[in-house]
Amino acid sequence: MKERPRIFIASPLFNGPQHAILDRIEGLLEQNGYDYYSARKHSGSDRMTPEERRDIDAWNPVFDSNEQGLDQCRVCIAVLEYALPENRNMCLCTWKPGDHPSGYVMDGDPLFVELPDAGTVWETGYLRAQGKLIIGFHSTKRAKHLNLMLTHGCDGLISGFDNLALFLRGPQSLRDVGANMPERLLTRLNRLPGVVTHDAMRFDWSAIEPWGKEVE
């Protein structure tokens, strides 16, 4: 088999819990001998001043770095959760006229949602168009709802760091190479360049879980 492919980490990186997920993923990649691109380490965004962050043109080098990272990587780990600090949630709700000072009150109970990061979604689409492998990841559980184009656009879905470690360690023997690959992936590999097939055989696909929840 060929050398281990370079991996792109697609993930939100805007708060402490999101950085904690990245810490674990980067650590697992390093422990298993993978080179990788992580935007928070390699894009230069961490060195931007507050003034630069308010200047749209100052972000051009960050975008260019991310795009080059995408082009140079052959596999993506896409974090499909938008982790928030404790006791913080995103929700969808409807409003009706009421006695609140704003003039409105909530109509019924809010629907708590978990949405993937917009940049992560863009990056997975970019890589899918290049015919590269995409692995969706959730650190603690499968997300309850995901868009159809994400659930089916990923070549596999992994829940939890233990499963991610298993996946990255790869097959334990040559007899296991290619074993347990999802049928959809096997079909897709028939249409992809040979190098991608070698990349796919680097991993232990027994860590992949079937999608068993709702799609939108």
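Where is the place of Pro-116? I have started there and then moved through the rest of this predicted model, point by point.

1. **Pro-116 and its surroundings.** Pro-116 sits in the loop between strand 5 and helix 5. With a relative accessible area of 21%, Pro-116 is partly exposed, since the buried class needs a value under 20%. Leaving aside neighbours within four places in sequence, the contacts of Pro-116 are Leu-80, Val-121, Leu-146 and Leu-150. If you would like a distance to check in your viewer, try Pro-182: its C-alpha atom is separated from that of Pro-116 by 23 Å, and the two prolines are 66 residues apart along the chain.

2. **The overall picture.** Stepping back, you will find nine helices and nine strands in the protein. The C-alpha trace spans about 70 × 40 × 30 Å along its principal axes. Of the 216 residues, 42% count as buried. The protein exposes about 12100 Å², and carbon and sulfur atoms supply 52% of that area. As for contacts with a separation of 6 or more, 69% of them are accounted for by residues 24 or more positions apart.

3. **Helix 1, from end to end.** Helix 1 covers residues 16-31, which makes 16 residues. From its first C-alpha to its last it reaches 22 Å, close to the 22 Å expected at 1.5 Å a residue. At the N-terminal end, Asn-15 acts as a cap, with a side-chain oxygen 2.9 Å from the backbone nitrogen of Gln-18. Beyond the other end, helix 1 is followed by Gly-33, which has a positive phi near 75°.

4. **What covers helix 1.** The buried residues of this helix are Gln-18, Ile-21, Leu-22, Ile-25, Glu-26, Gly-27, Leu-28 and Leu-29. Their cover includes strand 1 (7-10), strand 2 (36-38), helix 2 (39-42), strand 3 (75-79), strand 6 (133-138) and helix 7 (161-169). A nice one to look at in this list is Glu-26, which at 3% relative accessibility counts as buried; its charged partner comes up in point 6.

5. **Asn-32, just after the helix.** Asn-32 is found in the loop between helix 1 and strand 2. Is Asn-32 buried or exposed? Its relative accessible area is 15%, so Asn-32 is buried. Apart from neighbours within four places in sequence, Asn-32 is in contact with Arg-4, Leu-168 and Arg-169.

6. **Glu-26 and Lys-41.** How many salt bridges does a search of the whole structure find? There are eleven. In one of them, Glu-26 pairs with Lys-41, and the closest N and O atoms are 3.5 Å apart. Because Glu-26 lies in helix 1 and Lys-41 in helix 2, the pair ties together parts that are 15 residues apart in sequence. Glu-26 is buried, while Lys-41, at 39% relative accessibility, counts as partly exposed.

7. **Lys-96 and Asp-107.** The side chains of these two residues meet in a salt bridge, at 4.0 Å from N to O. Lys-96 belongs to strand 4 and Asp-107 to strand 5 (residues 104-113), so this pair ties together parts that are eleven residues apart in sequence. Lys-96 is partly exposed, with a relative accessible area of 38%, and Asp-107 also counts as partly exposed at 38%.

8. **Arg-128, Asp-155 and a network.** Arg-128 forms a salt bridge with Asp-155, where the closest N and O atoms are 3.9 Å apart. Arg-128 lies in helix 5 (residues 118-129) and Asp-155 in the loop between helix 6 (148-151) and strand 8 (156-159), so parts that are 27 residues apart in sequence are tied together. Arg-128 counts as partly exposed at 27% relative accessibility, whereas Asp-155 is buried, with a relative accessible area of 7%. Elsewhere, salt bridges that share partners join Asp-23, Glu-26, Glu-30, Arg-40 and Lys-41 into one network.

9. **A nonpolar patch on the surface.** Which residues form a nonpolar patch on the surface? They are Trp-95, Tyr-104 and Met-106, with about 340 Å² of accessible area together. Trp-95 is found in strand 4 (residues 90-97). At 51% relative accessibility, Trp-95 counts as exposed, because that class takes values over 50%.

How values were computed: Residues numbered from 1 in each chain as written. Predicted model: local features only at pLDDT ≥ 70, side-chain atom pairs only at ≥ 80, totals over all residues. Heavy atoms only, no water. Patch = residues over 30% accessible without salt bridge, like charges linked within 9 Å, V, L, I, M, F, W, Y side chains within 5 Å. Areas by Shrake-Rupley, 256 points an atom, 1.4 Å probe, with all protein chains shown as cover. Helix = DSSP H or I, 4+ residues; strand = E, 2+ residues; numbered from the N terminus. Buried < 20%, exposed > 50% of the residue type's maximum accessible area, 1.4 Å probe, protein only. Expected span 1.5 Å × (residues − 1). Contact = heavy atoms within 4.5 Å. Polar contact = N/O pair within 3.5 Å; in protein donor to acceptor, adjacent residues only side chain to side chain.
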